[in-house]
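The following exercises concern strand pairing and the packing of helices on a sheet. Each task is followed by a solution in steps.

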Amino acid sequence: MTVQDIRSFNRFYTNVIGALDYGRRLYAPYTLTESRVLYELAHAPRTDAADLRAQLHLDAGYLTRILNKFEEDGLVERGPSETDPRRRSVTLTGSGREAAALLDERARQSVGEMLDTVRAEDRPRLAEAMRTVRTILGESRAPRPEDVVLREPAPGDLGWIVQRNAALYAAEYGWNADYEGLVARIVADYAEDHDPRLERTWIAELDGRPVGCVMCVRDDAPGAARLRLLLVEPDARGLGIGDRLVGTLVGFARDAGYREVVLWTNDVLAAARRIYRRHGFVLVAEKPHHSFGRDLVGQDWRLDLHATPGGRRGVAGGGAG
């Protein structure tokens, strides 16, 4: 392979995705870089400008101009960081979230139209080729937290949540198929009937594959959201994925108007419990039970959203919740 081979491929793929005229391709007044900034803000509801600059490898002045434009357009709000007064936090407004959602929908549609031109029998080969490129060009460094993207579920992701929960908990804790049945019911209920304004699922993606998840659903108690099915793959732990998933869920629950977030877990899931504590959850009750083929101690945790400031910024799974 030569330098010219890679440059030729870059020119080809730039044209395929419309990078040089991204806004026009998606019928939006944003460049590819501006759209990426909106995307990152939508998937990390509370972040600092310095973190955003480092994550996207952007020049400080360039990012400032983008954020100034977004603020003038009413898409973002900036203020003092809750963790470091020397920094500036950046959050999307309601209009900003709508703009990011519209861009995401149009991008998905654009990629879907491109995939429609690929024969079904060629798609696995295309996916494997893309994974190969990412693996070879990225193998010189270990994964970094900024390589992880939080996104909404794509087709097949809900099934992945069931499969990976069942497999991981069987391997790590010896839980039987009863747990898989519980997770399947939780996921099926969400898939069949959920309100996207009040309920959400996030998939953590690394190198093109899902490596974590969490769900936010309405609880039976009025004004309460329930955290369910927090999970991080073993080979992706140590990147802060669990913290990001929980922090994103807490931010969403607060913005959606919930009064509190509750969850149910088991005392054997020590890593997940440490995350809950870091985000302000308090243990309110625990009770021994025999489930999933094991003697366990179930725990109820609660986060008062009115008493706790904005979300803080690896880990094992968190149980069915």
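**Exercise 1.** Determine how strand β5 (residues 200-206) is joined to β6.

*Solution.* Strands are DSSP runs (E, at least two residues), numbered from the N terminus, and two strands pair if DSSP finds at least two bridges between them. Here, 7 bridges join β5 to β6, and the two run antiparallel. Within this pairing, Ala204 has Gly212 of β6 as its bridge partner. The connection is a hairpin with 2 residues between the strands, and Asp207 in the turn has a positive phi of about 55 degrees.

The model is predicted, so local features need pLDDT of at least 70 and side-chain atom pairs count only at pLDDT 80 or more, whereas totals for chains, interfaces and linings use all residues. Residues are numbered from 1 along each chain as its sequence is written, and side-chain values use heavy atoms, with hydrogens and water left out.

**Exercise 2.** Identify what joins β6 to strand β7 (residues 224-232), and assess the burial of β6.

*Solution.* Antiparallel β6 and β7 are joined by 6 bridges; Gly212 stands opposite Val232 in β7. They form a hairpin with 5 residues between them, where Gly223 in the turn has a positive phi of about 80 degrees. For burial (under 20% relative accessible area, 1.4 Å probe, protein chains only), 8 of the 10 residues of β6 (residues 209-218) qualify, so β6 is largely enclosed by the rest of the structure.

**Exercise 3.** Establish the strand order of the open sheet of 3 strands, and locate its edges.

*Solution.* The order is β1-β3-β2, with antiparallel pairing. Because β1 (47-48) and β2 (76-80) each have a single partner strand, they stand at the edges, with one side of each left without a neighbour in the sheet. Between β2 and β3 (residues 88-92) there are 5 bridges, and Arg78 has Val90 in β3 as its bridge partner.

Definitions and conventions:
Buried means under 20% relative accessible area, exposed over 50%, partly exposed in between (1.4 Å probe, protein chains only). Helices (H or I, at least four residues) and strands (E, at least two) are DSSP runs, numbered from the N terminus.
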